[in-house]
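Please look over the structure below before reading on, and keep it in view while the text moves from the whole chain to single residues.

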Amino acid sequence: MLEVDGFFRPAAVTLALLTAFLLLRDARSDLRARLGALFAIGTAAYMSCSGALGGWGVGSLLLPLCIGNSVFFWWFALALLEDDFRLEALHAGVLIAVLALGFARFGSRLLEYAALGQALAIVHNLIILTLDAHILLLAWRGYDNDLSESRRRFRLLFLIGGTLAAVGIAVAEVALAGRPAEAWMLALQSVFVSILAAAAAAWLLSASTSRLAFQSMTAARQAESVPVLDRQRLIDETLAAALERAINIDKLYLEQGLTIAALARRLGVPEHRLRKHINEALGHSNFNAYVNRHRIAAAKAVLRDPQLAHLPVLTIALDSGFASLPPFNRAFRAETGQSATAYRSIALAEARGIKGQVESEKS
């Protein structure tokens, strides 16, 4: 088993570093690429840490990368799953907490405080398991609304596989209770990570920038070669007309809980065709975001109307198709940068100002 680990572990480190190089070479301006490269470098560091002297006998410069790699994976997964993901204070806070716990574990081991080290290991890995559970939840909950077929496959394959691997590592670390890993564990780890790293490197060698956006090479070239004004010829005109009627005339987006499956049934078309049309022809990657844009537009029209100023915001949210106020507030702020109440106040003040100016001119 040691021979297997001795072969595959350096291979895993090399392939992980190759993946980081490809990402930074071809798409370093993309946040997803930078976070992916950070995760790949962290994976290389972790493979070095976990394979040397029971896991901690490596240079201190590698320790932050080893300890923080689970958080790097969390960041990278969030960036791939959420179109509007940005690193915020919460994400940095989680990294600081994980690093603090990791270094505390290292210190307790140096000082031979076994009980403290085990307790810290449990807390540390519970945090990691929580991050993994969060990723799995996002992958599951967003599956139906994701309009990119390649990203839907990605949710089920690479992401969940990587998350389960991280869960396995966390559980194994708690079970080992600070003891050196068995030879078969190290061999299994190095083989599994080598396979994932090789798959990632091969995936990115074709076209890293388009792959990160979940596009095929053909689709990426097509998007570059076909001017925006000429793309109408690529659209299924019958489906486009039916969707236009359903959204702008029948206003199906006002129905609470509308799903893409339900909309496809109403239009009488296969769900995969509707997904492809909204994604490729209309440029939306998430069905909820597509529907919410229409709902917010309807809500804004009501909020601007002085004759409807008596309506509570909750009523407007429900009438616009939202199931409750919190998701309406989040969607409205994401679309406009302000709350619905603030938007209404400004819009009504402007309307009163225009009305006063008109009356002044008449007099």
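The paragraphs that follow go from the overall make-up of the protein to its cores, its salt bridges and a few chosen residues.

The model shown here is a predicted one, and its chain of 363 residues, of which 39% count as buried, is built with 15 helices and 0 strands. The protein exposes about 19600 Å² in total, and carbon and sulfur atoms supply 63% of that area. How do the parts of the chain meet one another? If one takes the contacts between residues at least 6 apart in sequence, 69% of them join residues that are at least 24 apart.

An unreviewed UniProt entry adds an annotation to this picture, since it places the feature "transmembrane region" at residues 6-24, 36-56, 62-81, 88-107, 119-140, 156-177 and 183-205. Two of these spans can be followed in the model itself. Residues 62-81 are 95% helix and 0% strand, and the C-alpha atoms at the two ends of the span lie 28 Å apart. Over residues 88-107 the chain is likewise 95% helix and 0% strand, with 29 Å between the end C-alpha atoms.

The next step is to look at the nonpolar cores. The largest nonpolar core holds 21 residues, and the members that touch the most other members are Leu35, Val71, Trp74, Trp75, Val94 and Ile135. Which elements give two or more residues to this core? They are helix 2 (31-50), helix 3, helix 4 (89-110) and helix 5, and the largest share, 12 residues, comes from helix 3. Tryptophan 75 gives an example of how such a member is surrounded, for when residues up to four places away in sequence are not counted, Tryptophan 75 touches Leu35, Leu38, Phe85, Leu87, His91, Ala92 and Leu95. A second, separate core has 20 residues, among them Tyr253, Ile260, Leu263 and Val269.

Helix 3, which covers residues 63-81, also contains serine 70. Is this serine buried or exposed? Serine 70 counts as buried because its relative accessible area is 17%, which is under the 20% limit for that class. Leaving out residues up to four places away in sequence, serine 70 touches Val98, Ile128 and Leu131.

Nonpolar residues can also be found at the surface of this model, where Leu110, Leu111, Tyr113 and Leu116 form a nonpolar patch with about 440 Å² of accessible area together. Leucine 116, one of these four, is found in helix 5, which runs over residues 114-141. With a relative accessible area of 43%, leucine 116 is classed as partly exposed.

Charged side chains offer another way through the structure, and a search of the whole of it finds 5 salt bridges. In one of them the side chains of aspartate 26 and arginine 25 meet, at 2.7 Å from N to O. Both partners are partly exposed, with a relative accessibility of 32% for aspartate 26 and 43% for arginine 25.

Another salt bridge joins the side chains of arginine 152 and glutamate 149, at 3.6 Å from N to O. How far apart are these two along helix 6 (residues 149-176)? Because they are 3 residues apart in that helix, arginine 152 and glutamate 149 are separated by about one helical turn. Their surroundings are not alike in exposure, since arginine 152 counts as buried at 10% relative accessibility, whereas glutamate 149 counts as partly exposed at 32%.

Glutamate 255 and arginine 266 form a further salt bridge, in which the closest N and O atoms are 3.1 Å apart. This pair links distant parts of the chain, 11 residues apart, with glutamate 255 in the loop between helix 9 (237-249) and helix 10 (260-267), and arginine 266 in helix 10. Glutamate 255 is partly exposed, as its relative accessible area is 32%.

The last stop is arginine 293, whose place is in helix 12 (residues 287-304). Arginine 293 counts as partly exposed, at 47% relative accessibility. Apart from neighbours within four places in sequence, arginine 293 is in contact with His284 and Glu335. The C-alpha atoms of arginine 293 and phenylalanine 332 are separated by 8.8 Å, although the two residues are 39 residues apart along the chain.

Note on methods: Residues numbered from 1 in each chain as written. Predicted model: local features only at pLDDT ≥ 70, side-chain atom pairs only at ≥ 80, totals over all residues. Heavy atoms only, no water. Patch = residues over 30% accessible without salt bridge, like charges linked within 9 Å, V, L, I, M, F, W, Y side chains within 5 Å. Areas by Shrake-Rupley, 256 points an atom, 1.4 Å probe, with all protein chains shown as cover. Helix = DSSP H or I, 4+ residues; strand = E, 2+ residues; numbered from the N terminus. Buried < 20%, exposed > 50% of the residue type's maximum accessible area, 1.4 Å probe, protein only. UniProt positions renumbered as here; feature names shortened; annotations may be inferred. Contact = heavy atoms within 4.5 Å. Core = buried A, V, L, I, M, F, W, Y, C linked by side-chain atoms within 4.5 Å.
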